[in-house]
Amino acid sequence: MRHLMSPMDFSVEELDKLLSLADDIEKNPAKYAHACDGKILATCFYEPSTRTRLSFESAMLRLGGQVLGFSEAGSSSAAKGESVSDTIRVISCYADICAIRHPKEGAPLVGSQKSLIPVINAGDGGHQHPTQTLTDLLTIKQKKGRLDNLTIGLCGDLKFGRTVHSLIEALVRYENVSFVLISPEELRVPSYIREEVLEGNNIPYKEVERLEDAMADLDILYMTRIQKERFFNEEDYLRMKGFYILDPKKMELAKQDMIVMHPLPRVNEISVEVDKDERANYFEQAQYGVYVRMALILTLLEVQV
Ligand code: CP
């Protein structure tokens, strides 16, 4: 039995296989419509979510399976003090696979340790979001045709942004990838990402504060939200909010084949006028999240189609 806690849990070869499976699912959905008949997915969300929870549920339903779960801690026995470990152990009796999101870093890992079923980390605090990374890799592969030879700009909250941490860890395994880290001083990537992941793998990167200074070099611009829920005080959040706004004028500085990605939700960091630009890919990215989660469920349940 396998769990997914980090994108590093899959080798590059396994990731390639998973992305190819997701591509086949997109092209031939009918072939997979009964692949999970009789199987149940549990979604245990201790933190709000639209895309991750509903795309997991959509994925299982499109595979012919069924779903159960909770969307806030207050409607589960966590409200009575039950541990994540006990909750997931019990849910193992009711479902075949489980996706868990939790505000505490490492909570899905703790939940997986006594689980009888595969557990998927659907986001743990400011740490990791591996299924968003699978979604991002599929989007890059489909839109750019490759995962190597890319310059990727990551912009916004690089300190608390778990999608950014997971994506950097996944991409450093591909050839000739470089990063431009675009953030205010207070929201730079954590030092372990700089020192262990980037410098430890001899990956070229630079850090800049102004989006305008990076635009012309990028093959991919990955925007992120300044996350109110991760700040310790409102004052700091208000100071940072609105630091970056991608608008049509800034898009003029970018290559014609650059793609804009965002894990969503956005607040105001991408103006709605950019949605009309054919380089904007964030809504398609959300769609790819369904195919890749279908592929992940099939892989972890070892279902052959
Ligand atoms: N991208 C993402 O994780 O979105 P949700 O918080 O809506 O799940």
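**Ligand site, salt bridges and backbone features of the predicted model**

Glu169 lies in helix 6, helices (H or I, at least four residues) and strands (E, at least two) being DSSP runs numbered from the N terminus. At 13% relative accessibility Glu169 counts as buried, a class that covers residues under 20% relative accessible area, whereas exposed residues have over 50% and partly exposed residues fall in between (1.4 Å probe, protein chains only). The C-alpha atom of Glu169 is 9.9 Å from that of Pro130, although the two residues are 39 residues apart in sequence. The structure is a predicted model, in which local features need pLDDT of at least 70 and side-chain atom pairs count only at pLDDT 80 or more, while totals for chains, interfaces and linings use all residues. Residues are numbered from 1 along each chain as its sequence is written, and side-chain values use heavy atoms, with hydrogens and water left out.

The ligand is surrounded by Ser49, Thr50, Arg51, Thr52, Arg101, His129, Gln132, Pro263 and Leu264, a residue being assigned to these surroundings if one of its heavy atoms lies within 4 Å of the ligand. By class, this shell holds two nonpolar, five polar and two charged residues, where Ala, Val, Leu, Ile, Met, Phe, Trp, Tyr, Cys and Pro count as nonpolar, Asp, Glu, Lys and Arg as charged, and the others, Gly among them, as polar. A polar backbone atom of Thr50 is found 2.8 Å from an oxygen atom of the ligand. Two contacts involve ligand nitrogen: an N or O atom in the side chain of Gln132 is 3.0 Å from a nitrogen atom of the ligand, and a backbone N or O atom of Pro263 lies 2.8 Å from a nitrogen atom of the ligand. Taken alone, the ligand exposes 250 Å², of which the protein buries 91%, with accessible areas obtained by the Shrake-Rupley method with a 1.4 Å probe and, for residues, with only the protein chains shown counting as cover.

Leu264 of this shell also takes part in a feature of the backbone, since the peptide bond from Leu264 to Pro265 is cis, with omega near 5°. Pro265 is found in the loop between strand 9 (259-261) and helix 10 (282-300). Most residues other than glycine have a negative phi, and most peptide bonds are trans. A positive phi near 55° is found in Asn176, a residue other than glycine, which is placed in the loop between helix 6 (162-171) and strand 6 (177-182) and counts as exposed at 57% relative accessibility. Asn202, likewise not a glycine, has a positive phi of about 55°; Asn202 belongs to the loop between helix 7 (191-198) and strand 7 (205-208), and its relative accessibility of 70% makes it exposed.

Side chains of opposite charge can pair when their charged atoms come close. The structure holds 16 salt bridges, each defined as a side-chain nitrogen of Lys or Arg within 4 Å of a carboxyl oxygen of Asp or Glu. In one of them, Arg2 pairs with Glu14, the closest N and O atoms being 2.8 Å apart. This pair links distant parts of the chain, with Arg2 in the segment before helix 1 (12-27) and Glu14 in helix 1, 12 residues apart. Arg2 counts as partly exposed at 32% relative accessibility, and Glu14 is partly exposed with a relative accessible area of 31%.

Asp23 forms a salt bridge with Lys27, with 2.8 Å between the closest N and O atoms; because the two residues are four residues apart in helix 1, Asp23 and Lys27 are separated by about one helical turn. Lys27 is exposed, with a relative accessible area of 58%. By contrast, Arg279 and Asp277 are both buried, and the closest N and O atoms of their salt bridge are 2.9 Å apart. A network of salt bridges links Glu185, Arg188, Arg194 and Glu207.

Helix 1 also contains Ala22, which counts as buried at 0% relative accessibility. The C-alpha atoms of Ala22 and Val290 are separated by 8.8 Å, whereas along the chain these residues are 268 residues apart.

Technical notes:
A polar contact is a pair of N or O atoms within 3.5 Å; within protein, one must be able to donate a hydrogen and the other to accept it, and residues adjacent in sequence count only if both atoms are side-chain atoms.
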